[in-house]
Amino acid sequence: MERKIITTADGSSTIYLPDLDETYHSRHGAIQEALHVFITSGLDYWSDKYPEKQELSVLEIGFGTGLNAFLTCLHAESLHCKIKYTGVEAYPVTSEHLQHINYSKEILSGTQESVFNTLHDVSWEVMHDITSKFSLLKQEKTFNDITDEALYDLVFFDAFGPRVQPELWGEAVFKIMYKALKPGGVLVTYSAQGNARRAMQTVGFLVDRIPGPPGKREMLRANKPL
């Protein structure tokens, strides 16, 4: 499938898939969206909810360009816990496309470029220590192949949108997410689609609509009951 690098409204890059007319991130701003949905509404929310915990296990559904992992790695330095991060991706982005991604330059004037490159250079299927507070495991598989049970504290659900891949937003996938989370765990996603929300509720999540990132009125955050 053809991939094109485009620039979003905040100056950061994303990948556009012409065949699906879909982007990896919001055209209103890739970095802005990721910071709002996954860092502020996910990582910081969990950290505030469980200030006593010293370790956080994150599962990302759709590793993609590595933006969410990169931001999490940078943000880990200011948190009280160490982060073990698992990114699942069925179709890894090629190095040819990654060399045109500008996140490190947009975020910290290029000073963290080596960290971004390391996230992509380390081998798949092995946990690697990227910094003293952030470890990364990349897994190449489909979301339906996830079999983990009560392993993660936080899920970043960043799959392609319901318009192009509705099968990723139904009860079957959210049942896998629910099973993978520990009791009290949290799932966040940029989508606020009603069908997705009802699917989450059906499998047992307690779901809230909360303010969305630039360009979106709402997003969803789901908690697994203790």
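## Hairpin S1–S2 and the three-stranded sheet

In this predicted model, strands S1 and S2 form a hairpin with five residues between them. Glycine 11, in the turn of that hairpin, has a positive phi of about 95 degrees. Four bridges hold S1 and S2 in antiparallel pairing, and isoleucine 5 stands opposite isoleucine 15 in S2.

The hairpin belongs to an open sheet of three strands, in the order S1-S2-S3, with antiparallel pairing. Strand S1 (4–7) and S3 are at the edges with a single partner strand each, so one side of each has no neighbour in the sheet. Strand S2 (residues 13–17) pairs with S3 over two bridges, in the antiparallel sense. Leucine 17 has glutamate 22 of S3 as its bridge partner.

## The eight-stranded sheet

A second open sheet contains eight strands with mixed pairing, in the order S6-S7-S5-S4-S8-S9-S11-S10. The edges are taken by strand S6 (127–131) and strand S10 (206–211); each has a single partner strand, so one side of each is left without a neighbour in the sheet. From one strand to the next the twist averages 20 degrees.

The mixed pairing of the sheet can be illustrated with two pairs of strands. Strand S5 (residues 82–88) and strand S7 (residues 134–139) run parallel and are joined by six bridges; within this pair, isoleucine 83 has phenylalanine 134 of S7 as its bridge partner. S10 and S11 run antiparallel, also joined by six bridges, and here arginine 209 stands opposite leucine 220 in S11. S10 and S11 form a hairpin with six residues between them. Its turn includes glycine 215, with a positive phi of about 90 degrees.

## Helices on the sheet

Helix H1 (residues 30–49) packs on the eight-stranded sheet. Its contacts are with strand S4 (55–61), S5, strand S8 (152–157), strand S9 (181–189), S10 and strand S11 (218–223). The direction of H1 makes about 155 degrees with that of S9.

Helix H2 lies across S4, S5, S6, S7 and S8. Relative to S5, H2 runs at about 175 degrees. Strands S4, S5 and S8 appear in the contact list of H1 and also among the strands that H2 lies across.

## The largest pocket

What is the volume of the largest pocket? The value is about 1,000 Å³. The lining consists of 44 residues, and those nearest the centre of the pocket are Glu22, Thr23, Ala159, Phe160 and Gly161. Strand S3 (22–23) and helix H2 (67–75) are the elements that give two or more residues to this lining. The pocket lining thereby involves the strand at an edge of the three-stranded sheet and the helix lying across S5 and other strands of the eight-stranded sheet.

Glu22 links two parts of this description: it is the bridge partner of leucine 17 and is one of the residues nearest the centre of the pocket. By residue class, the lining divides into 18 nonpolar, 15 polar and eleven charged.

## Overall dimensions

The chain has seven helices and eleven strands. Its radius of gyration is 16 Å, close to the 17 Å given by the globule rule for 226 residues, so the chain is as compact as a globular protein of that length. The C-alpha trace spans about 40 × 40 × 30 Å along its principal axes.

Key:
Residues numbered from 1 in each chain as written. Predicted model: local features only at pLDDT ≥ 70, side-chain atom pairs only at ≥ 80, totals over all residues. Heavy atoms only, no water. 1 Å grid on protein atoms, 1.4 Å probe; cavity = no way out; pocket = protein on both sides within 12 Å on 5 of 7 lines; lining within 4 Å. Points joined across faces, edges and corners; volume = space filled by probe spheres on them. Nonpolar A, V, L, I, M, F, W, Y, C, P; charged D, E, K, R; others polar. Pairing = 2+ DSSP bridges. Axes fitted to C-alpha atoms, helices over the stretch in contact; angles between N-to-C directions. Contact = heavy atoms within 4.5 Å. Rg over C-alpha atoms; globule rule 2.2 N^0.38 Å.
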